[in-house]
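Here are some exercises to work through with the model open beside you. Try each task before you read its solution.

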Amino acid sequence: MIAISEAEFSRAKDLATTSLLRYLRGRGWSPSRNYGRGQLWVLPVTGDSGEPYEVLVPLDRTPRDYADRVADLVETLSVVEARSPADILREMSLPSADWQFLRLTPPGPAGTVPLTEVVPALAGLKDLMTSAAAAEASPEPQPVQPAQKPQLVKDHVATVRLDQTRVGSYVVAVHTPLPELPAQGYLFDDDTRSEPFARRVSRRLYAALVCAREAAETSLRDDAVADFAPYVPGGLSANLCEALVRIGGDEGPGFSLDFTWSSDLPMERPTERIRLARPQLTALDAGAKDLRARLGNRDMTLRGSVVRLHRELPQGPGAVTVAGSFEDRDRGRLRRVRMTLDQHEYSKAAEAHRRGDEVLVQGDLTALGNAARLENIRSFVVRRVSE
């Protein structure tokens with residue numbers, strides 16, 4: 001057992017009892033017996049029929065030995081978790097948060113990872129968090145998410161914190177702080193209006209990972225690319241699949257993700273570890289490409305200028321050509337895109353052409369030969385040059 005230092009002892013006496021209880025609940029401990037000013041908590045030993053671990057939690061900060069009791073608790077936890085007292089004390093002082101643990105298994109000494117593998121893995125982890133937040137923020141499922149994300153998504157990803165690595169082959173720990181709210185809302189509860197956005201994103205991420213694993217296993221079982229579209233309502237997207245593939249690297253054996261949920265917002269059911277091996281990642285890569293090929297051209301936004309107008313009659317619909325670029329692809333490459341507009345939108349296009357105004361058109365991109373077209377036009381917006 002590692003005894004805590006004097007500096008750590010000073011930090012222990014400043015910890016609130018709520019921080020102690022939150023930490024224990026979040027790691028599977030449960031109360032067993034009350035002892036007046038203290039409470040006995042237990043943790044079953046995984047895969048062992050022996051006696052569970054036990055710790056005595058002080059519930060009253062007024063006694064002079066409060067810091068000693070917290071020190072005893074932390075020293076026991078350091079043995080159970082094989083971590084330093086300093087790390088445990090630091091986490092106890094953190095605000096309520098949901099945690100994810102990315103476990104990489106690269107070849108080589110335990111606790112290390114090649115730099116060339118960890119850098120893309122971290123970039124993929126950021127993409128993974130972004131795709132989950134975008135799925136939760138979207139009013140409807142998107143098989144291919146747009147490159148430009150809402151500010152809500154950007155703000156959420158900015159709150160995600162990278163923590164110290166954990167014992168294991170190479171475990172990357174991240175956490176998302178939650179606002180202090182009553183314990184309401186569960187993983188499989190449809191009424192999530194009381195949940196903060198950060199928790200809803202974590203739930204969406206877990207559900208999407210379950211969908212990704214199932215879709216990949218279906219592809220492997222059938223020895224063919226499965227239709228990933230039915231999994232989109234659960235949060236699966238081409239973006240999420242690509243993020244998982246990026247985490248796994250080009251030749252990596254795979255990885256796993258574990259979730260630990262803030263005890264301030266208890267979960268109705270436990271969440272299992274999500275493992276993705278190399279064959280599953282290969283299937284996800286193929287599924288992402290299929291989603292982009294079949295469904296990746298929906299709800300495209302074209303920004304440009306009207307360069308051609310044509311209709312056979314003075315009234316009614318007409319053909320319009322816009323020279324511009326799509327906001328979400330091709331890195332701004334200019335192209336000419338044809339479309340057919342109804343009488344009202346055609347009149348707006350003609351006025352924009354006369355004035356030299358910019359237009360924004362949303363629809364589904366199709367290709368006929370070498371000519372790009374927008375079908376199912378959802379909006380045609382004119383922006384005056386002076387705006």
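**Exercise 1. The residue after H8**

Which residue follows H8, and is its phi positive or negative?

*Solution.* Start with the ground rules. This is a predicted model, in which local features need pLDDT of at least 70 and side-chain atom pairs count only at pLDDT 80 or more, while totals for chains, interfaces and linings use all residues. Residues are numbered from 1 along each chain as its sequence is written, and side-chain values use heavy atoms, with hydrogens and water left out. Helices (H or I, at least four residues) and strands (E, at least two) are DSSP runs, numbered from the N terminus. Now step past the end of H8: you arrive at Gly249, and its phi is positive, near 75 degrees.

**Exercise 2. The surroundings of H8**

Work out how enclosed helix H8 is, and by what.

*Solution.* First, settle the term: a residue is buried under 20% relative accessible area, exposed over 50%, and partly exposed in between (1.4 Å probe, protein chains only). Next, go through residues 238-248: nine of the eleven are buried, so H8 is largely enclosed by the rest of the structure. The buried set includes Ala238, Asn239, Leu240 and Cys241. Finally, look for the cover. Among the elements over these buried residues are the strands E4 (97-104), E7 (254-260) and E8 (274-277), together with the helices H5 (115-137), H7 (197-222) and H9 (278-295).

**Exercise 3. Two cysteines**

How many disulfides are there, if a disulfide is a pair of cysteine sulfur atoms within 2.5 Å?

*Solution.* The count is zero. Take Cys211: it is in no disulfide, and the nearest cysteine sulfur, that of Cys241, lies 9.9 Å away. Cys241 is likewise in no disulfide, its nearest cysteine sulfur being that of Cys211. Then check accessibility: Cys211 is buried at 15%, and Cys241 is buried at 0%.

**Exercise 4. Two residues of H7**

Find what Ser219 and Arg213 touch, using contact in the sense of heavy atoms within 4.5 Å.

*Solution.* Begin with Ser219, which sits in helix H7 and is buried, with 6% relative accessible area. Leaving out neighbours within four places in sequence, Ser219 contacts Ala224, Val225, Ala226, Phe228 and Ala283. Move on to Arg213, also placed in helix H7; its relative accessibility of 16% counts as buried. Beyond residues up to four places away in sequence, Arg213 touches Glu272, Arg273, Ile274, Arg275, Leu276 and Gln280.

**Exercise 5. A loop aspartate**

Where is Asp163, and is it buried or exposed?

*Solution.* Asp163 is in the loop between strand E5 (161-162) and strand E6 (170-177). With a relative accessible area of 12%, Asp163 is buried. Now follow the chain to Ala173, ten residues apart from Asp163: their C-alpha atoms are separated by 5.2 Å. Among the other residues that Asp163 touches are Arg90, Glu91, Leu94 and Trp99.

**Exercise 6. The whole chain**

What is the radius of gyration of the chain, and what would a compact globule of 387 residues have?

*Solution.* The radius is taken over C-alpha atoms, and the globule rule is 2.2 Å times the number of residues to the power 0.38. The rule gives a value near 21 Å, but the chain has 27 Å. Then turn to the box along the principal axes, which is roughly 90 × 45 × 35 Å for the C-alpha atoms. To finish, tally the elements: the chain has ten helices and 13 strands, and 45% of its 387 residues count as buried.

How values were computed: Contact means heavy atoms within 4.5 Å. A disulfide is a pair of cysteine sulfur atoms within 2.5 Å.
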